[in-house]
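I opened the file to look up a few things and write them down in order. The entries go from the whole chain to single residues.

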Amino acid sequence: LLGDINGDGEITPSDYMKIKNHIMGVGNIENIWIDCADINMDKSITPSDYMKVKNHIMEISKIGL
């Protein structure tokens, strides 16, 4: 599920924090979840990806599931 980084079947603040921590270098996303974290599918995990997750959670915009 695109945006579901912890594998619980939902896109939640936990997923947002995992992406943010990965970008900041204080956490690491496990290899099996890398594709789920690359929301815009540009082959890298960037602030754009965590903003898309944040906006999905806040119901500003939705991630194409």
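These are my notes on the chain, its core and some chosen residues.

**Entry 1. The model**

I note at the start that this is a predicted model. Every value below is therefore computed from predicted coordinates.

**Entry 2. Secondary structure**

I looked up the elements first. The protein chain has 3 helices and 0 strands. Along the sequence I read the pattern α-α-α.

**Entry 3. Overall dimensions**

I asked how the radius of gyration of the protein chain stands against that of a compact globule. For 65 residues a compact globule would have a radius of gyration near 11 Å, and the protein chain has 10 Å, so the two agree. I also took the box along the principal axes: the C-alpha atoms fill roughly 25 × 20 × 20 Å.

**Entry 4. Burial, contacts and surface**

I looked up what share of the 65 residues counts as buried, and found 31%. Next I went to contacts between residues at least 6 apart in sequence. Of these, 47% join residues at least 24 apart. For the surface, I noted that the protein chain exposes about 4,100 Å². Carbon and sulfur atoms supply 52% of that area.

**Entry 5. Charges**

I looked up the charged side chains of the protein chain and found 6 positive and 10 negative. The centres of the two sets lie 7 Å apart.

**Entry 6. The core**

In soluble globular proteins, nonpolar side chains tend to be buried together. I looked for such a group here. The largest nonpolar core has 13 residues, and those touching the most other members are Ile5, Ile19, Ile29, Ala37, Val53 and Ile63. Helix H1 (13-24), helix H2 (34-37) and helix H3 (47-57) each supply at least two residues of this core.

I then picked out Ala37 and asked which residues it is in contact with, leaving aside neighbours within four places in sequence. I found Ile5, Ile19, Ile29, Ile45 and Asp49. Three of those names, Ile5, Ile19 and Ile29, I had already written down among the core residues that touch the most other members.

**Entry 7. Positive phi values**

Most residues other than glycine have a negative phi. I looked up two residues that go against this.

Methionine 41 has a phi near 55°, a positive value in a residue other than glycine. Methionine 41 lies in the loop between H2 and H3. I asked whether methionine 41 is buried or exposed. Its relative accessibility is 58%, so methionine 41 counts as exposed, the cut-off being over 50%.

Glutamate 59 has a phi near 60°, again positive in a residue other than glycine. I placed glutamate 59 in the segment after H3. Glutamate 59 counts as exposed because its relative accessibility is 60%.

**Entry 8. Three lysines**

I looked up lysine 43 in the loop between H2 and H3. Lysine 43 is exposed, with a relative accessible area of 79%. From lysine 43 to isoleucine 57 I noted 14 residues in sequence and 22 Å in space, C-alpha to C-alpha.

Lysine 54 is in helix H3. With 31% relative accessibility, lysine 54 counts as partly exposed, since that class runs between 20% and 50%. Lysine 54 and asparagine 28 are 26 residues apart in sequence, and their C-alpha atoms are 18 Å apart.

Lysine 62 is in the segment after H3. At 54% relative accessibility, lysine 62 counts as exposed. I paired lysine 62 with tyrosine 16: they are 46 residues apart in sequence and 14 Å apart in space, C-alpha to C-alpha.

**Entry 9. Histidine 56**

My last look-up was histidine 56, in helix H3. Is histidine 56 buried or exposed? It counts as buried, because its relative accessibility is 10% and buried means under 20%. Histidine 56 and threonine 12 are 44 residues apart in sequence, while their C-alpha atoms are 8.9 Å apart in space.

Methods: Residues are numbered from 1 along each chain as its sequence is written. This is a predicted model: local features need pLDDT of at least 70, side-chain atom pairs count only at pLDDT 80 or more; totals for chains, interfaces and linings use all residues. Side-chain values use heavy atoms; hydrogens and water are left out. Helices (H or I, at least four residues) and strands (E, at least two) are DSSP runs, numbered from the N terminus. The radius of gyration is taken over C-alpha atoms; the globule rule is 2.2 Å times the number of residues to the power 0.38. Buried means under 20% relative accessible area, exposed over 50%, partly exposed in between (1.4 Å probe, protein chains only). Contact means heavy atoms within 4.5 Å. Accessible areas come from the Shrake-Rupley method with a 1.4 Å probe; for residues, only the protein chains shown count as cover. Lys and Arg count as positive and Asp and Glu as negative; His and the chain ends are not counted. The place of a charge is taken as NZ of Lys, CZ of Arg, CG of Asp or CD of Glu. A nonpolar core is a set of buried Ala, Val, Leu, Ile, Met, Phe, Trp, Tyr and Cys residues joined through side-chain atoms within 4.5 Å.
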